[in-house]
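Hello,

Here is the structure we talked about handing over. Please open it alongside this message, and then read on for what turned up in it.

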Amino acid sequence: MNARVEICGINTATLPKITHKETLALIDKAQAGDERAKDEFLMANLRLVLSIVQRFYGKKESVDDIFQVGCIGLIKAMNNFNTSLNLRFSTYAVPMIMGEIRRFLRDSSSIRVSRSIRDMAYQILQKRAELEDGMPGEASLEDVAKALELPLAEVVYAMDAISNPVSLFDPVYQTNGEQMLIMDQLSDAKNTDDNWLTSVCISDAMDKLSERERQILLLRFYEGKTQIEVSEEVGISQAQVSRLEKNAIACLKRNID
């Protein structure tokens, strides 16, 4: 008995299954204009689209929209598949469906990328796929840049331009009910715990000064005024400003230490 799994509102257990031989026969009929064969073939291959759509879960775009775009890729693959080569349809269709979805995500992105950069990125992806056909692992951007005779910096820039932005609150992984977010793996050299604690201590120490002492320190060290300029603004002598400034600094040191 088939397990009930619903993706995009479709119960996969109800989808028909066909053999490789039946697949080729239906494609020939569909390409010849048989609408019934076309519908039967597309229904039998929706699992292929749904399996690819699952890879794009979490995107801002609607999953239903991505599914529809994947179906367009499936139809294009059916119309262009050459049955005389006797290849498996999925081998040909998967890259075409994924390409259609990626194109949709790229074009619908709120961050607009110039056509020239998108074209370069597409060439890079094509060349990477070609290189990976003849190697066991993934082709590096250095390999792609060398093959295309492009500066590595341009290749990296083009690939970054078409990458989808992520949220700092996106999970990296989740286990036992706990998850690690992207922001948990980022460090901040400026806003460290020590700097934050020092800022809190200074704020508390400033509260213990008189209003005039706080005013003098703000004018002297935040606005950069001289003691003479401060004395003219506050209305006291330069000697009084100097005395109040020294007392305020000494008070800050005592309360912070």
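**Cysteines**

Cys71 is buried, at a relative accessible area of 17%. Keep in mind that this is a predicted model. Cys251 also counts as buried, with 13% relative accessibility. How many disulfides does a search of the whole structure find? The search returns 0.

**Aromatic rings**

The whole structure was searched for aromatic pairs, and 3 came up. One of them joins Phe41 and Phe89. That pair is edge-to-face, with 5.0 Å centre to centre and 80° between the planes. Where do the two residues lie? Phe41 belongs to helix H2 (residues 35-44) and Phe89 to helix H5 (residues 89-107). The pair therefore ties together parts that are 48 residues apart in sequence.

Are these rings buried or exposed? Phe41 has 0% relative accessibility, so this residue counts as buried. Phe89 is at 4% and counts as buried too.

Phe89 has a second partner, Phe81. This aromatic pair is edge-to-face as well: 5.4 Å centre to centre, 80° between the planes. Phe81 has 4% relative accessibility, and because buried means under 20%, Phe81 falls in that class. Which residues make up the aromatic cluster? Phe41, Phe81, Phe89 and Tyr92 form one cluster.

**A close C-alpha pair in numbers**

Ala77 sits in helix H4 (residues 63-80). Ala77 is buried, with a relative accessible area of 0%. The C-alpha atoms of Ala77 and Met96 are 6.5 Å apart. Along the chain, 19 residues separate the two.

**Salt bridges**

There are 6 salt bridges in the structure. Three of them are worth a look in your viewer.

- Lys127 and Glu130: the closest N and O atoms are 3.2 Å apart. Both residues lie in helix H6 (residues 115-133). They are 3 residues apart, which is about one turn of the helix.
- Glu245 and Arg220: the closest N and O atoms are 2.6 Å apart. This pair links distant parts of the chain, with Glu245 in helix H12 (residues 238-256) and Arg220 in helix H10. The two are 25 residues apart. Both are buried.
- Lys225 and Glu223: the closest N and O atoms are 3.6 Å apart. Lys225 has 23% relative accessibility and counts as partly exposed. Glu223, at 51%, counts as exposed. Shared partners join Glu223, Lys225 and Glu233 into one network of salt bridges.

**Helix H10 and the nonpolar patch**

Arg220 comes back here. Besides its salt bridge with Glu245, Arg220 has its charged end over the ring of Phe221. The distance to the ring centre is 5.4 Å.

Phe221 is also part of a nonpolar patch on the surface. Which other residues belong to that patch? They are Leu218, Tyr222 and Ile249. Together, the four residues have about 430 Å² of accessible area. Helix H10 (residues 211-222) gives the most to this patch, with 3 residues. Leu218 lies in helix H10. Leu218 is partly exposed, at a relative accessible area of 38%.

**A positive phi**

One backbone angle deserves a check. Most residues other than glycine have a negative phi. Glu149 is not a glycine, yet its phi is positive, at about 60°. Where is Glu149 found? Glu149 is in the loop between helix H7 (141-148) and helix H8 (152-161). Is Glu149 buried or exposed? Glu149 is exposed, with a relative accessible area of 71%.

**In brief**

Here are the places to select, in order.

- Aromatic cluster: Phe41, Phe81, Phe89 and Tyr92.
- Buried salt-bridge partners: Glu245 and Arg220.
- Charge over a ring: Arg220 and Phe221.
- Nonpolar patch: Leu218, Phe221, Tyr222 and Ile249.
- Positive phi: Glu149.

Best wishes

Methods: Residues are numbered from 1 along each chain as its sequence is written. This is a predicted model: local features need pLDDT of at least 70, side-chain atom pairs count only at pLDDT 80 or more; totals for chains, interfaces and linings use all residues. Side-chain values use heavy atoms; hydrogens and water are left out. Rings of Phe, Tyr and Trp (its six-membered ring) pair if their centres lie within 6.5 Å; planes under 30 degrees apart count as stacked, over 60 as edge-to-face and the rest as tilted. Helices (H or I, at least four residues) and strands (E, at least two) are DSSP runs, numbered from the N terminus. Buried means under 20% relative accessible area, exposed over 50%, partly exposed in between (1.4 Å probe, protein chains only). A charge sits over a ring if NZ of Lys or CZ of Arg is within 6 Å of the ring centre and within 35 degrees of the ring normal. Patches are made of residues with over 30% relative accessible area and no salt bridge: like charges are joined within 9 Å, nonpolar side chains (Val, Leu, Ile, Met, Phe, Trp, Tyr) within 5 Å. Accessible areas come from the Shrake-Rupley method with a 1.4 Å probe; for residues, only the protein chains shown count as cover. A salt bridge is a side-chain nitrogen of Lys or Arg within 4 Å of a carboxyl oxygen of Asp or Glu. A disulfide is a pair of cysteine sulfur atoms within 2.5 Å.
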